[in-house]
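I opened this notebook to record what I looked up, one topic at a time. I begin with the packing of helices and then turn to charged side chains.

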Amino acid sequence: MKKLLTGNEAIARGAFEAGVTVAAAYPGTPSTEILENIAGYPEIYAEWSPNEKVALEVGIGASIAGARVLVAMKHVGVNVAADPLLTLAYTGVNGGLVLVSADDPGMHSSQNEQDNRYYAKFAQIPLLEPSDSQEAKEMLIEAYRLSEQFDTPVLFRTTTRVAHSQSLVELGEREEVPLKEYVKNAQKYVMLPAHGRMRHPIVEERREKLALYNETSAFNRIERGSSKIGIITSGIAYQYVKEAVPEASVLKLGMTYPLPKKLISSFVDSVETCYVVEELEPFLEEQLKAWGLKVIGKELFPRVGELSSELVAAKLSLGQSQHEVAASSAAPIPVRPPVLCPGCPHRGVYYVINKLRLKVAGDIGCYTLGATPPLSSMDTCICMGASISGALGMEKARGKEFARGLVAVIGDSTFMHSGMTGLVDVVYNGGTTTTLILDNSTTAMTGHQDHPATGMTLGKKQFKQIDLEQLVRALGVERVQVVDPYDLKAVEEALKTEVAIEEPSVIIFKRPCVLLKGHAPEGCVTVEQEKCKACGMCRKLGCPALVFKGDKPAVNATLCNGCGLCIQVCRFGAIREVE
Amino acid sequence: MEKTTNILLVGVGGQGTILASKILGHVAQNLGAEVKVSEIHGMSQRGGSVVTQVRFGEKVYSPVIAPGTADVILAFEKLEALRWLPFLKEGGVMIVNNQEIDPMPVIMGAAEYPQDIFRTLESAARTVKVPALAMAEACGSVKSVNVVLLGVLAKSLGLDEEVWLDALIHCVPKKTIEVNKKAFLQGYQFAG
């Protein structure tokens, strides 16, 4: 039976068919749906881990214990997991272990566009790159055989256009793979220096064996066409090449580390001109050129952003004329950036931060949207967890007085991910800044995944909920309060008090995300036009439910849920609840 | 079905573009075509600009549609229709929901919502104007705007409604099948 699946759904299906029994991840676009779909297979234990490092460590434990394991994350998540990854490369596996890295060329929803293929080379582990959903499923199943045959973790790299594109997939049966026997083997799994030294040469030998295997591996194939143009490519770039240059000879590489030198050399020799078409970094090209092969790559193709079939055609100047566009608009088209939803509990906090002109060391999640106008309340955003530690750094650089005008802003899920250690540092090293935990009881940005402080697992089982307030106190912060972000007066009072005090403090602004089922406030507001003085105060909230057709606001009743912030900011009593 | 059909669905986060593209993908599968559906949905629930792309035919490689190659643009909002107009091919069809959703720069007063969008669209391409929000409301749910528009698309593509209804039943939540069927037929019978 064929089914239309995204790359992520196909990977989940592949894990199921390959007999995987343990899977772990932290949500991150474009990787999130892999675990969400795996959670639908009762044969597999699936969890949201608090961060990617923990997810991989759970995976490593399960593999050593004999299970086939899948661990998934977005590209920047691999940075978090890099520590265990590079040692896992030494220990190897017992049950097969595949690490999926979902990269995001073009930065559709990421802070950078790093090319994670280098992680395979860095860790010296095999790298697979599927180019559509069917291939993602097939390759993943093969990846487990490869992992177990060569005693190695496998890096499985997708990109947004593979992860989030649907194509048809032939479904297969699950192969029940019994747990491998668990045998204590300290020399393999206890990486103290003496053991690590013994493992490193094994890693080198393994790389050579893998390169030899890759010469004849089914992951790679040559599609013969014209001998004038040859193209070496992998991943989604293969699809762009096939569409743009159907006549070319193509060497499609599925396993892109370690590379098959003979196969590639003979392909290069078989064509007049050989191009390397790859998204982002010259990962393949550098190796080919280091071997002395004459290929053309980044001289033509950009290292920035996504490729496309038009771009490939244009760069190879194949005489394809630009398509006839129906028309374009002469009028300026306003951009439509994502915004905090109507009724979002973060809005009130940012409104007050903006009003008090506080500096904000920010973090990653929905609340990052507070960075854009009109709220404009974020000074930094680097990576998950960098807010609190970043604020401490600012304070250490500029002194305690600076900290009186500074807050760190982080979400509940992000605090669980990697905020706690930053807060410990603030307490330990005498920081005095105020940390705001915007607790909306979910991981909202990626689509409402649970985490330890929601008390619910990926499989929707209720467990003991981590109490943020108690946790923060246990980390050594004595000044902790919980405030309702819908109450602007209380928000302002709490902020003013805490930033003024020279000791570490935490304010937990607690209100569930309005998109969480059963938590949206019910109601709607209306504007009494005669009372409205068009002062523009409510405009500063940046609420999409307030519509301005002139100077005075009107309310879009289909969007408004009556959170009441605009009622509080209106000085003229012109906005009231609809009875 | 030798040629590849390219359909771009554009709208605002929360309008149901992604579900619509799923249904459309299912339709293409029902027709026995190779199909690819591509979406960018990191910001989909946050009122941002959302685009999904559906390509089907005998053989489909790239999951993304190039500028000037869309056969149909199904726009869930007027401004988004205008934004994506350059993706429509010469002779392509623009199906547009007659609904305005102000983006944040307009709400803030930093930009203006363009006037005369329909005039621009109509002078550029065959444009079908659909009061989809009102039609959806009349069917019992404002959320079925996406399915009303799919109905109009179905008619425009000249494809049999049975194939669509089957896809619809497969893709929407069980509780909403009846409302969505009604919405689809409203769209299908709409003469714009």
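Entry one, helix packing. I looked up how helix α3 (residues 52-64) of chain A lies against helix α4 (residues 75-91) of chain A, and I found that they pack at an angle of about 30°, with their axes 7 Å apart. I should keep in mind that the model is a predicted one. Angles under 35 degrees count as roughly parallel, and α3(A) and α4(A) are therefore roughly parallel to each other. I also noted the hand of the crossing, which is right-handed where α3(A) passes α4(A).

Which residues make the contact between α3(A) and α4(A)? From α3(A) I listed Glu52(A), Lys53(A), Leu56(A), Glu57(A) and Ile60(A), and from α4(A) I listed Gly77(A), Val80(A), Ala81(A), Asp83(A), Pro84(A), Leu85(A) and Leu88(A). When I sorted the residues of this contact of α3(A) with α4(A) by character, they came out as seven nonpolar, one polar and four charged.

Entry two, salt bridges. I searched the whole structure and found 45 salt bridges over all chains. I then went through a few of them by name.

I looked first at Asp151(A), which forms a salt bridge with Arg199(A), and the closest N and O atoms of the pair are 3.7 Å apart. This pair links distant parts of the chain, since Asp151(A) sits in the loop between α6 (133-149) and β7 (154-159) of chain A, while Arg199(A) belongs to helix α9 (residues 193-215) of chain A, 48 residues apart. Is Arg199(A) buried or exposed? I wrote it down as buried, because its relative accessibility is 9%, and the cut-off for buried is under 20%.

Next I turned to Glu469(A) and Arg473(A), a salt bridge in which the closest N and O atoms are 3.2 Å apart. Both residues lie in helix α18 (residues 468-474) of chain A, and because they are four residues apart there, about one helical turn separates them. I recorded Glu469(A) as partly exposed, at 27% relative accessibility, and Arg473(A) also as partly exposed, at 38%.

The last pair I looked up was Lys531(A) with Glu528(A), whose side chains meet in a salt bridge at 3.6 Å, N to O. Here I noted that Lys531(A) is partly exposed at 38% relative accessibility, whereas Glu528(A), at 16%, counts as buried.

Finally, I checked for salt bridges that share partners, and I found that they join Asp103(A), Asp115(A), Arg117(A), Glu129(A), Arg157(A) and Glu278(A) into one network.

Notes: Residues are numbered from 1 along each chain as its sequence is written. Chains are lettered from A and ligands numbered from 1 in the order in which they are written. This is a predicted model: local features need pLDDT of at least 70, side-chain atom pairs count only at pLDDT 80 or more; totals for chains, interfaces and linings use all residues. Side-chain values use heavy atoms; hydrogens and water are left out. A salt bridge is a side-chain nitrogen of Lys or Arg within 4 Å of a carboxyl oxygen of Asp or Glu. Helices (H or I, at least four residues) and strands (E, at least two) are DSSP runs, numbered from the N terminus. Buried means under 20% relative accessible area, exposed over 50%, partly exposed in between (1.4 Å probe, protein chains only). Axes are lines fitted to C-alpha atoms, for helices over the stretch in contact, and angles run from 0 to 180 degrees between N-to-C directions. Angles under 35 degrees count as roughly parallel, over 145 as roughly antiparallel, 65 to 115 as roughly perpendicular and the rest as oblique. A crossing is left-handed if the near helix is turned anticlockwise from the far one by less than a right angle, and right-handed if clockwise. Contact means heavy atoms within 4.5 Å. Ala, Val, Leu, Ile, Met, Phe, Trp, Tyr, Cys and Pro count as nonpolar, Asp, Glu, Lys and Arg as charged, and the others, Gly among them, as polar.
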